Structures are given as C-alpha cells and as structure tokens.
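Trainee: I would like to go through this model and test each label against its cut-off. Can we start with the core and then move to one helix and the rings?

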Amino acid sequence: MRKLALFGASAVLLLGLAGTASAAGQAKPIQVLLNGEPLQFANPPVSLGGSTYVEFRSLFTQLGYSIQYEAKTKTIKAKSAEHEIQMSVGGDVAFVDGQTVPANGQLKSVNGRTLVGVRFIAALSGKDVNWVASSSTVQIADKGPSTEEAAAVLSLFDKIPALEASSKKAEYLTLFSPDSPLRPYFEEDVAKSPDKETITSTTFLGKEVVEYSKQEATVATREHTVRVSGDFYFDNVSDMLYMLRPDASGQWLIYDMEQTAVEYDNPEALLGKAVAVPEAEKTAIEALLKAQNDAFNAEDTEAFRKTVVPFDGLDETVESLKQSFAEVDIQYSIEKTAIVSYSEDRAIVVQAKLAEAKKEGVKLRLIQGNELVKKDGKWLFDEDEYVLKQEEL
C-alpha cells in the first residue's frame with residue numbers, strides 16, 4: 001500500500017533544479033472553486049451588480065442536482081439528494097425544500113442566456129461561500145459535519161486496532177466500500193496469502209473530518225504504525241487522506257486513500273541491524289546492489305532492466321529513467337548496506353547512498369529500503385522502494 005516509485009533521488013534532484021514561470025499584469029478572470037477544484041462553464045462567469053453569475057445548468061449539475069427547465073414559464077426545478085429548489089427568471093421568491101426564500105432576481109436572462117447567482121444557489125445548497133478579491137475567486141466549500149456526523153465518520157477508525165490484531169488479511173476488506181478501486185488490490189493479496197505475514201499496530205496521533213457531505217467525507221489522519229510480529233516492516237509516521245462513503249445501511253467505509261507524507265522511524269539505526277545471511281547469498285545480493293548502482297552511473301537502462309524483476313509499469317519506469325538521464329547527470333556511490341530481513345527467496349536491504357549532480361552543484365545523502373526477490377536462482381530488485389531519509393549536503 002505504501003509504495004514509492006523507483007529512483008527517488010533522481011526525482012528529488014530534478015525537482016530541485018526545475019524552474020517556474022508566471023505571467024504578470026494579466027487581468028484575472030473570475031473563477032469558481034468547489035472544495036478547491038475549479039468548476040467548468042461553457043461561458044465565463046460574469047459580475048453583475050457586485051455578484052457573480054454563471055450559466056444555471058452547469059452550476060446546478062456540478063453541485064449535484066438534476067434539472068428540469070420549463071422554457072414557457074422560464075422556471076427551473078432542481079433536485080439533489082438533499083435539496084429541492086424551484087425558481088423562475090425575474091421571480092421575487094424561490095421555493096427551497098418547500099419553503100419560500102427571497103430571490104431578489106437571482107435568476108436572470110442576459111443576452112439570451114439564463115444566469116443564476118453563484119452565492120445564492122451555493123448557500124441554498126448548504127455550502128459555505130467566500131469571495132477572494134485578490135484572485136477574483138468564488139470559493140464554495142461543503143460545511144463541516146455536526147458533532148454526531150463527525151463521530152459517525154470517525155468511528156470507522158476505531159475498528160482498525162482489532163483488524164490489525166487479526167491474523168486474517170480478509171478482515172481488512174470489511175473496511176472498504178464494495179466499489180472501492182482499492183478492493184481488487186486487497187482481494188488479490190488475500191487470494192495469494194489469506195494469513196498476514198506481518199502484524200502491525202497503528203496509533204492515530206490525530207484525525208479530522210476535513211470535507212463532508214452526506215454522500216462523501218474526507219478524513220485527514222496522522223498515524224504511527226509499527227511492526228508487532230511477523231516479517232520486517234518499516235515503522236513510520238504518515239499523513240493520510242481517506243475518502244469515505246456510506247453503504248446502504250449508513251455505515252461509513254473507505255472508498256479511496258492516499259499517503260501524503262511519511263517519516264520513517266530512525267532510518268540510520270536500520271543500517272546497524274543486519275541479520276545473518278549465508279555468505280554466498282550475501283555476496284550475490286551485494287553484487288546486485290553494485291550492478292544497479294553501476295547501471296545508474298553508466299546511464300545504461302538495459303543494464304538496469306536486468307537488475308529488476310519484470311512488473312507492470314517497468315517499461316514506463318525505464319522511459320522515465322531515460323528522461324532523468326537526459327536532463328541531469330547524477331553519480332551515485334554506496335556508503336553502507338544492511339540486509340535487515342532474509343529468507344530463501346526474499347530479502348529487504350537498506351542502503352545509504354550519495355547522489356551528486358556536479359554540474360548543478362547538488363549533493364544528496366539518501367537512505368533507501370528495497371525489497372529483493374530470488375527468481376530462478378538469481379537475486380533481483382522487486383518493484384517496491386522506500387525512500388527512508390534524504391538530506392541535501
């Protein structure tokens with residue numbers, strides 16, 4: 001679940017060398033954001049009488065309404081899962097959830113287009129609305145949940161400690177929505193090995209509902225996860241974003257999730273925690289590490305390909321590596337290695353490396369973790385790589 005792309009050092013250097021450009025002195029068109037994402041309109045928003053107006057159908061649709069429009073009476077009937085709004089062009093009132101609300105001409109016909117006031121409709125839909133003059137932006141945001149609603153969302157995370165303690169991987173599937181894009185990954189993992197190889201324990205250092213509607217909620221967490229038993233695990237503190245959706249019974253489940261930041265526990269100490277490995281296997285693993293490092297320094301993608309077990313996306317990884325080689329000349333050197341987990345066909349290795357782009361004057365020290373597999377008697381890098389620590393020297 002917590003995979004990082006190969007060659008983190010190259011990416012960091014390239015990002016550090018990238019420049020940005022901006023245009024100055026240009027007029028700022030009005031934009032409308034919903035929870036930070038721009039809304040799209042066939043025609044740009046306009047300012048009328050100090051208020052922002054947009055084409056009615058696009059606004060209602062993007063706020064989750066279905067629309068009926070009676071051209072003869074110029075009346076809109078909009079319905080969402082939570083609200084019903086009916087209003088007419090030039091009307092003094094709107095009908096909102098069965099109640100009358102002063103409309104004050106918030107539905108207008110301008111040059112053949114039917115426009116509606118953004119703030120008016122967003123507020124009637126239970127949203128917070130803010131105008132940012134410096135960027136000519138209307139910010140629409142879902143209002144926060146009530147205490148009871150937040151508790152119902154966060155109750156999902158109370159289930160995690162018991163599920164972590166279970167030896168059955170399938171128990172985790174009960175956390176996920178049936179239509180979650182993550183389910184196939186977990187189902188495949190369970191099919192391969194129904195029992196957990198590693199038992200972890202997660203302590204939530206903080207959790208907060210940052211976006212909320214009755215159909216979807218986003219929860220930000222900060223969590224410390226450590227190994228309890230079983231195979232090796234890189235203990236870490238991570239910042240996560242969870243998108244939750246309710247099932248038919250109203251129970252909140254995970255639809256998607258993203259790790260936004262991670263800090264690993266004491267990476268330096270891992271370099272001193274090598275396990276016992278047969279001498280011949282240790283020599284073969286160290287030869288593999290050197291072969292891949294040499295491939296980087298020689299900018300030889302075919303030599304690199306020979307060090308990695310084939311996986312979906314390997315071709316894209318190789319193309320990305322070629323682009324990195326073309327943009328920045330980086331030389332790597334291995335300072336120290338430690339094999340921290342070993343079995344007959346799998347191993348985890350931690351490396352301390354220096355990465356230097358001499359032309360740009362950038363030098364990094366990197367500690368990374370890699371999973372290795374033994375295929376047909378040969379050790380190869382698996383696709384998983386963990387950037388445990390990086391610092392500019």
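**Cores, a helix and ring pairs**

Mentor: Keep in mind that this is a predicted model. Start with the largest nonpolar core, which has 28 residues. Val 32, Leu 59, Phe 60 and Ile 121 have the most contacts inside it.

Trainee: Which elements give two or more residues to this core?

Mentor: They are β1 (31–34), α2 (56–62), β6 (75–79), β7 (84–88), β8 (93–96), α3 (118–124) and β13 (137–142). The most comes from α3, with five residues.

Trainee: What is Leu 59 in contact with, leaving aside its neighbours within four places in sequence?

Mentor: Its partners are Leu 39, Phe 41, Val 54, Val 116, Gly 117, Val 118 and Ile 121. Apart from the largest core lies another, of 24 residues. Ile 330, Ala 355, Trp 379 and Phe 381 are among them.

Trainee: Now the helix. How do you know that the span of α8 is close to the expected one?

Mentor: Helix α8 covers residues 279–297, 19 residues in total. From first C-alpha to last, α8 reaches 27 Å. At 1.5 Å a residue, 27 Å is expected. The two values agree closely.

Trainee: Which residues of α8 are buried?

Mentor: Glu 281, Ile 285, Leu 288, Leu 289, Gln 292, Asn 293, Ala 295 and Phe 296.

Trainee: Why are the buried residues of α8 said to line one face?

Mentor: Look down the axis of α8: the buried residues fall within an arc of 160°, so they line one face of the helix. In general, an α-helix has 3.6 residues a turn, so residues three or four places apart point the same way. The face of α8 turned away from the buried side carries exposed Glu 279, Ala 280 and Lys 290.

Trainee: What covers the buried residues of α8?

Mentor: The cover includes α9 (301–305), α10 (314–327), β18 (331–342), β19 (346–357), β20 (362–375) and β21 (378–392). After α8 comes Glu 299, with a positive phi near 50°.

Trainee: Take Ile 339 in strand β18. What makes Ile 339 buried?

Mentor: The relative accessible area of Ile 339 is 9%. The cut-off for buried is under 20%. Therefore Ile 339 counts as buried. Beyond four places in sequence, Ile 339 touches residues including Lys 282 and Ile 285. Others that Ile 339 touches include Val 275, Val 277 and Ile 348.

Trainee: On to the rings. How many aromatic pairs does the structure hold?

Mentor: The structure holds 14.

Trainee: Why is the pair of Tyr 185 and Phe 186 called edge-to-face?

Mentor: Their ring centres are 5.3 Å apart and their planes stand at 85°. Pairing needs centres within 6.5 Å, and edge-to-face needs planes over 60 degrees apart. Both conditions are met, so the pair is edge-to-face.

Trainee: And what makes Tyr 185 partly exposed?

Mentor: Tyr 185 has 37% relative accessibility. That lies between the 20% and 50% limits, so Tyr 185 counts as partly exposed. Phe 186, at 9%, counts as buried.

Trainee: What makes the pair of Phe 296 and Tyr 332 tilted?

Mentor: The centres are 5.3 Å apart, with 50° between the planes. Stacked needs under 30 degrees and edge-to-face over 60, so this pair is tilted. The pair links distant parts of the chain: Phe 296 in helix α8 and Tyr 332 in strand β18, 36 residues apart. Both residues, Phe 296 and Tyr 332, are buried.

Definitions and conventions:
Residues are numbered from 1 along each chain as its sequence is written. This is a predicted model: local features need pLDDT of at least 70, side-chain atom pairs count only at pLDDT 80 or more; totals for chains, interfaces and linings use all residues. Side-chain values use heavy atoms; hydrogens and water are left out. Helices (H or I, at least four residues) and strands (E, at least two) are DSSP runs, numbered from the N terminus. The expected span of a helix is 1.5 Å times one less than its number of residues. Buried means under 20% relative accessible area, exposed over 50%, partly exposed in between (1.4 Å probe, protein chains only). The arc is that of the directions from the helix axis to the C-beta atoms. Contact means heavy atoms within 4.5 Å. Rings of Phe, Tyr and Trp (its six-membered ring) pair if their centres lie within 6.5 Å; planes under 30 degrees apart count as stacked, over 60 as edge-to-face and the rest as tilted. A nonpolar core is a set of buried Ala, Val, Leu, Ile, Met, Phe, Trp, Tyr and Cys residues joined through side-chain atoms within 4.5 Å.
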